[in-house]
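I opened this model to look up its aromatic side chains and its nonpolar surface, and I note below what I found.

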Amino acid sequence: GKSTNRIKKVKDVKKKDVVEEKEIKEEVKLEKSNSNSTSFNLIEVIIIMVITAVFGVLIGSCVTYFKDNVVEGNSVPEGFEEFFSVYNELTGSYYNDVDTDKMIEAGIEGMVNYLGDPFSSYLDFEETNALNEELEGEFVGMGATVSMNDAGQIYIVDLFSDSPAVRAGFLIGDVILEVGGVSTAGKTTQQVSYEIRGPEGTKVDIKVLRNNEELVLTLTRGKVVIPSVTYKVIDSTNIGYIDISVFAANTPSQFEVAMDDLLNKGVKSVIIDVRGNSGGYLSSAERIASMFLKKNKTIYQLDTKGLIENVKTKEDGKYDLPVAVLIDNGSASASEILAGALNDNIDAVLVGMKTFGKGTVQKTKTLSSGAMIKYTIQEWYTPNGNKVNGVGIEPDYTI
């Protein structure tokens with residue numbers, strides 16, 4: 001199922017090897033005896049010369065590696081010795097048992113928190129999975145949204161169309177009592193959601209309570225596409241309306257399907273709604289903006305430590321019609337990219353409230369434990385060079 005309370009976090013430690021070079025000195029003693037002297041022929045002399053040359057190359061390589069990797073700063077950074085000393089002290093001498101995995105996790109989280117950046121964070125394993133699932137726009141599971149009622153029971157509040165849950169006969173309002181014969185009592189929505197997950201095509205029996213009757217339904221786990229785009233033709237008009245909830249990897253393809261269908265239904269203009277959309281992949285916002293722009297138009301400007309780069313379209317877009325964009329103070333990041341690009345380039349009208357003002361770009365790094373760190377690497381501006389971070393984008397018409 002898709003949990004309404006998505007979380008994610010993980011742990012990982014990057015370890016650097018310290019290269020140690022040991023010199024081994026050997027004394028070779030040649031004993032000379034007048035009665036038993038040794039002479040070398042030509043072949044033996046050549047062999048000795050080759051061996052000497054090979055050893056010379058190896059020793060030179062070792063010295064170079066030692067110089068480049070240890071002497072010139074690629075060894076363990078200064079201060080880490082004390083970090084390891086404290087770690088060893090606490091894990092070895094603290095009066096209670098210490099969960100070393102959680103201690104390392106706390107250390108990594110502390111490093112990220114030190115940055116003081118609200119958009120740089122550490123995500124544990126579950127949080128990482130939930131974020132990846134949302135941004136990829138699909139997962140393998142049930143295809144239902146679950147929540148917890150006042151009695152602490154997990155129940156279905158929504159079903160995705162044509163999902164494994166619908167095919168198995170689940171209904172909105174079903175209370176999930178057991179998953180695979182194991183009770184859900186006392187468990188969170190996240191825990192139940194992950195118990196329902198599994199490899200595509202596998203089956204699991206789920207006991208539900210429906211109208212005071214207990215039923216056992218067999219779910220065949222399958223791929224579920226998360227809809228991030230909904231659309232319609234506004235009644236009695238030739239105006240199309242498209243709502244984008246998140247900029248996932250598959251959002252541009254969903255958006256293109258919506259636009260093509262609206263045009264086939266005769267719309268002459270379109271409203272794009274990104275209210276409450278906190279962002280997602282910048283590349284998805286780029287692709288959608290590009291659908292309305294001519295070739296070589298700037299989508300946004302990227303600032304990497306003072307170096308400005310214009311991110312431009314690579315070809316002409318396929319749509320040419322008036323656009324209005326609905327924005328509010330929950331429209332952030334990729335939503336602001338789209339609003340700014342369309343406003344600056346094709347005079348798309350912005351209607352609503354000033355946007356959130358998240359004009360930074362984050363990079364993610366997945367750790368070996370499955371956790372993730374997310375940290376800021378760049379700042380971006382609108383095509384006209386207007387700052388967005390901490391400022392936001394003002395609408396043309398405030399409502």
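I began at the surface, where Val86, Leu90, Tyr94 and Tyr95 make a nonpolar patch of about 450 Å². Such patches are made of residues with over 30% relative accessible area and no salt bridge, nonpolar side chains being joined within 5 Å, and a salt bridge is a side-chain nitrogen of Lys or Arg within 4 Å of a carboxyl oxygen of Asp or Glu. Areas come from the Shrake-Rupley method with a 1.4 Å probe.

The model is predicted, with local features needing pLDDT of at least 70 and side-chain atom pairs pLDDT 80 or more, while totals for chains, interfaces and linings use all residues. Residues are numbered from 1 along each chain, and side-chain values use heavy atoms, without hydrogens and water.

I placed Tyr95 in the loop between helix H2 (80-93) and helix H3 (100-114), helices being DSSP runs (H or I) of at least four residues and strands (E) of at least two. Tyr95 counts as exposed at 69% relative accessibility (exposed is over 50%, buried under 20%, partly exposed in between).

I then looked up the aromatic pairs (ring centres within 6.5 Å; planes under 30 degrees apart are stacked, over 60 edge-to-face, the rest tilted), of which the structure holds eight. The rings of Phe255 and Phe292 have centres 6.1 Å apart and planes at 70°, so this pair is edge-to-face. Phe255 lies in helix H7 (residues 251-264) and Phe292 in the loop between helix H8 (282-290) and strand E14 (298-304), so the pair ties together parts 37 residues apart in sequence. Phe255 is buried at 0% relative accessibility, and Phe292 is buried at 7%.

Terms used: Patches are made of residues with over 30% relative accessible area and no salt bridge: like charges are joined within 9 Å, nonpolar side chains (Val, Leu, Ile, Met, Phe, Trp, Tyr) within 5 Å. Buried means under 20% relative accessible area, exposed over 50%, partly exposed in between (1.4 Å probe, protein chains only). Rings of Phe, Tyr and Trp (its six-membered ring) pair if their centres lie within 6.5 Å; planes under 30 degrees apart count as stacked, over 60 as edge-to-face and the rest as tilted.
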